[in-house]
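Visitor: I'm new to this one. Could you walk me through it, one question at a time?

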Amino acid sequence: MHKRRLIAVLYLKDGWMVRSEDFAIHNFIGDPVAHVERMAQWDVDELVVLDIGEEASRFDHHRLDYRYAPVTTVLDFINRVGGQCCMPLTFGGRIRTLQDVVLRIQNGADKVTLNTALDQSPDLVTDAARAFGSQAVVASIDYRILEGKARVFTGGGIQYTGHDAVAWARRAQDLGAGEILLNAMDRDGMAGGFDLDTIAAVADAVSIPVIACGGAGRNDHFLAVLSQTPAMAVAAGNIFHFKENAYPVAKAFLRSHLEDIR
């Protein structure tokens, strides 16, 4: 029996870890390396790090009063946290070429997420899967509900594609992706619960694992996803950053209700 996972997500912007809301508001909340260290102490099932900065040159946060000296590039960051991670590390953001994939994996990532590439350079999904295996390629699908339909956005949630999220997930699977990271933009940072209908529709439409993201505010929100949809994992960012021992408490809660939790 495959165990289902509770995944932590960190958002990086300009070298800092941020709290995200509606893909538009980003509150700076600290040194990302320290937060990765805490996730390792919590023994999280998996860590997804998404670099949502706009310019590659803006990764250095230029602060010297932190325990960890600032790194200058995203690859330096991956190399640093990859050495500390005792959990699978998935890295996404600004990946445009196969060389970008190679460098992230060579520097410590176990998997990469591809989002804009699904639309602008779909061959990259296939090429990356051939080079490293489908298990190393996660298709990141961001969507909003528009007129009752789940519609896909790319480019950090800015570019409307018009594609249906279910069809987009099938396409990602056909291109070679090994997992789907399904992120409800409307629910990002709202803490009001997950979009169970769309999660179930996408998970029913593909044979690869679906990771549901967007909307966690309470531990029963995680339970709803894993008990009411076929999703193989549930992911969240903000909820794990502001509560003491948030991840271990959430994991214990899920294990008290479900038998197939890792």
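Visitor: At roughly what angle do the axes of α6 and helix α7 cross?
Guide: Keep in mind that this is a predicted model. Two packed helices are described by the angle between their axes and the distance between the axes. Here α6 (residues 165-175) and α7 (residues 196-205) have axes that come within 9 Å, and they cross at roughly 35 degrees.

Visitor: Is the crossing of α6 and α7 left-handed or right-handed?
Guide: On the α6 side the contact is made by A165, V166, A169 and R170, and on the α7 side by A201, V202 and A205. As for the sense in which α6 passes α7, the crossing is right-handed.

Visitor: Which helix gives the largest share of the largest nonpolar core?
Guide: In soluble globular proteins, nonpolar side chains tend to be buried together. In this model the largest nonpolar core has 76 residues, and M39, L47, F77, I180, F222 and F240 are those with the most contacts inside it. Another core, of 12 residues, lies apart from it and has I7, Y11, V18 and V48 among its members. Back in the largest core, the largest share is 6 residues, and they come from helix α6.

Visitor: How many aromatic pairs are there?
Guide: Rings pair up here if their centres lie within 6.5 Å. Some aromatic residues also group together: F194, F222, F240 and Y247 form one cluster. Going by that cut-off, the count of aromatic pairs is 5.

Visitor: What kind of pair do F77 and F91 make?
Guide: Both F77 and F91 are buried. F77 lies in helix α2 (residues 74-84) and F91 in strand β5 (residues 89-92), so this pair ties together parts that are 14 residues apart in sequence. Planes under 30 degrees apart count as stacked and over 60 as edge-to-face. The ring centres of F77 and F91 are 6.4 Å apart with planes at 55 degrees, so the pair is tilted.

Visitor: Is D45 buried or exposed?
Guide: D45 sits in the loop between α1 (32-41) and β4 (46-51). Residues count as buried under 20% relative accessible area. D45 has 8%, so D45 is buried.

Visitor: Which side chain does the side chain of D45 join in a polar contact of 2.7 Å?
Guide: Leaving out residues up to four places away in sequence, D45 touches R4, R5, L6, M87, P88, Y247, K251 and R262. With L6, the side chain of D45 reaches the backbone nitrogen at 2.9 Å. The 2.7 Å polar contact is between side chains, and the partner of D45 there is K251.

Methods. Residues are numbered from 1 along each chain as its sequence is written. This is a predicted model: local features need pLDDT of at least 70, side-chain atom pairs count only at pLDDT 80 or more; totals for chains, interfaces and linings use all residues. Side-chain values use heavy atoms; hydrogens and water are left out. Rings of Phe, Tyr and Trp (its six-membered ring) pair if their centres lie within 6.5 Å; planes under 30 degrees apart count as stacked, over 60 as edge-to-face and the rest as tilted. Helices (H or I, at least four residues) and strands (E, at least two) are DSSP runs, numbered from the N terminus. Buried means under 20% relative accessible area, exposed over 50%, partly exposed in between (1.4 Å probe, protein chains only). A polar contact is a pair of N or O atoms within 3.5 Å; within protein, one must be able to donate a hydrogen and the other to accept it, and residues adjacent in sequence count only if both atoms are side-chain atoms. Contact means heavy atoms within 4.5 Å. A nonpolar core is a set of buried Ala, Val, Leu, Ile, Met, Phe, Trp, Tyr and Cys residues joined through side-chain atoms within 4.5 Å. Axes are lines fitted to C-alpha atoms, for helices over the stretch in contact, and angles run from 0 to 180 degrees between N-to-C directions. A crossing is left-handed if the near helix is turned anticlockwise from the far one by less than a right angle, and right-handed if clockwise.
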